[in-house]
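Dear colleague,

Please find below the structure that I am handing over to you. My notes on its charged pairs and its ligand follow directly after it.

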Amino acid sequence: MTIRSVVRGVGHYLPERVVENAEFEKTLDTTDEWIRSRTGIERRHFAAEGETTSQLAIKAAQAALDDAGMTADQIDAIVVATSTPDHTFPSVATMVQAGLGSTTGFAYDVQAVCAGFIFALTNANGLILSGQAERVLVIGAETFSRIMDWTDRGTCVLFGDGAGALILEAAEGTGTANDRGILASDLHSDGRYKDLLYVDGGVSTTGTAGHLRMQGNAVFKHAVTKLSETAHAALDKIGLSGENIDWIVPHQANLRIISATAERMQVPMDRVVVTVQDHGNTSAASIPLALSVGKARGQIKEGQIVVTEAIGGGLAWGSVVLRW
Ligand code: UT7
């Protein structure tokens, strides 16, 4: 008998404040036209003053629990992917646990920047396959607006805030690609590229949160090759290929990266869930947000093959193949 981690629920939360590209024209040497044509981004949500990553995560988690018809005390583990925690510690995950009113199970954060949700999902799958948890709440939640340099037009127009959540539950499978649930994953990192995308502050350096710095063009080139490679590698592990994919749900950083990756995988854009125009780059939150929006739009349906892939600071990248 094979155990599979099957998706039972999905949900998301976006802060109320929406900022259109045109807003940046007032303070920066940029245009709506440049942002749209170079990135696909049209608007993004920013958290209100005092609104924290854990607050976004709790709302997304509650939406996923409602979708699954479960209560928080039925969850054995909470794994949160974030690079923008409320505090250095405790983890956002323990704040979510408390916020949901749960005293059962265990909770912790993982940090792999924009690839964080891929790593968290793989980690949660490991908890289920090793028998340590039956039901895991996996969340990606970020407030990247807190680490923007608002004078840097090369970065501050790209990011947004938000949270998405998924509930995985152990179920019996046959061990084939016909099973529902997580079928394969593929993870990578290469710390030689740490200076391409980083934050120039932190606990043991400046003692401040710092600001995001990125060599966008270099990251772009890595993304275009590495994302299709990792997606193909994950598909290979379970004996699937591009034509078996119902949906690619990519990290939403740049529409040009999303379409170049789809092209390399020979998957047409009408089988790609795209939310970057409305959310911008929400780092670890982008994939669960897109999964939730994709389901709500009626795109992603039970039984379909979904491929998720992401790359970010580290560099760290990877992909997960699942049957929804
Ligand atoms: O999620 C984590 C992973 N991150 C990513 O995947 C991001 C990957 N990178 C990208 O998405 C793109 O590289 C960017 C959107 C960041 C930049 O697009 P690009 O086509 O690579 O532009 P570039 O950095 O090569 O810059 C081209 C020009 C430069 O001007 P010069 O030097 O040619 O005169 C920039 O200064 O565009 C300029 N530029 C802007 N112009 C107007 C950069 N940002 C802006 C802006 N408005 N906001």
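The notes below take the salt bridges first and then the ligand site.

Please bear in mind that this is a predicted model.

Salt bridges

The count of salt bridges comes to 17. Among them are three pairs that link distant parts of the chain, described here in turn.

Aspartate 67 and lysine 295 meet through their side chains, with an N to O distance of 3.0 Å. This pair joins helix H3 (residues 53–68), which holds aspartate 67, to helix H9 (residues 286–296), which holds lysine 295, and the two residues are 228 residues apart. Aspartate 67 has a relative accessibility of 33% and counts as partly exposed. Lysine 295 is likewise partly exposed, at 31%.

Arginine 135 pairs with glutamate 169, and their closest N and O atoms are 2.6 Å apart. Here the link runs between two strands: arginine 135 belongs to S6 (residues 135–143) and glutamate 169 to S7 (residues 161–173), with their positions 34 residues apart in the chain. Glutamate 169 counts as buried because its relative accessibility is 13%, which is under the 20% limit.

The salt bridge between arginine 180 and glutamate 302 has its closest N and O atoms 3.5 Å apart. Both partners lie in loops: arginine 180 between S7 and strand S8 (181–189), and glutamate 302 between H9 and strand S12 (305–312), 122 residues apart. Arginine 180 is partly exposed, with a relative accessible area of 24%, whereas glutamate 302 is exposed, at 61%.

In addition, a network of salt bridges links Glu20, Asp32, Arg36, Glu42, Arg43 and Asp278.

Ligand site

The ligand occupies the space of the second largest pocket. The elements that contribute two or more residues to the shell around the ligand are helices H2 (32–39), H6 (216–237) and H7 (255–264). Of these, H6 provides the largest share of the shell, with 4 residues. There are 23 residues around the ligand, and those that come nearest are Thr30, Arg38, His251, Asn254 and Asn281.

Three contacts may be of use when you inspect the site. A polar side-chain atom of arginine 38 is 2.8 Å from an oxygen atom of the ligand. In glycine 216, a backbone N or O atom lies 3.0 Å from a ligand nitrogen atom. The side chain of histidine 251 has an N or O atom 2.8 Å from an oxygen atom of the ligand. The protein buries 72% of the 950 Å² that the ligand exposes when taken alone.

With kind regards

Conventions:
Residues are numbered from 1 along each chain as its sequence is written. This is a predicted model: local features need pLDDT of at least 70, side-chain atom pairs count only at pLDDT 80 or more; totals for chains, interfaces and linings use all residues. Side-chain values use heavy atoms; hydrogens and water are left out. A salt bridge is a side-chain nitrogen of Lys or Arg within 4 Å of a carboxyl oxygen of Asp or Glu. Buried means under 20% relative accessible area, exposed over 50%, partly exposed in between (1.4 Å probe, protein chains only). A residue is near a molecule or strand if one of its heavy atoms lies within 4 Å of it. A polar contact is a pair of N or O atoms within 3.5 Å; within protein, one must be able to donate a hydrogen and the other to accept it, and residues adjacent in sequence count only if both atoms are side-chain atoms. Accessible areas come from the Shrake-Rupley method with a 1.4 Å probe; for residues, only the protein chains shown count as cover. On a 1 Å grid over the protein atoms alone, a cavity is a set of points where a 1.4 Å probe fits but cannot get out, and a pocket is an open set with protein on both sides within 12 Å along at least five of seven lines; lining residues have an atom within 4 Å of a point. A molecule sits in a cavity or pocket if more than half of its atoms lie within 2 Å of its grid points.
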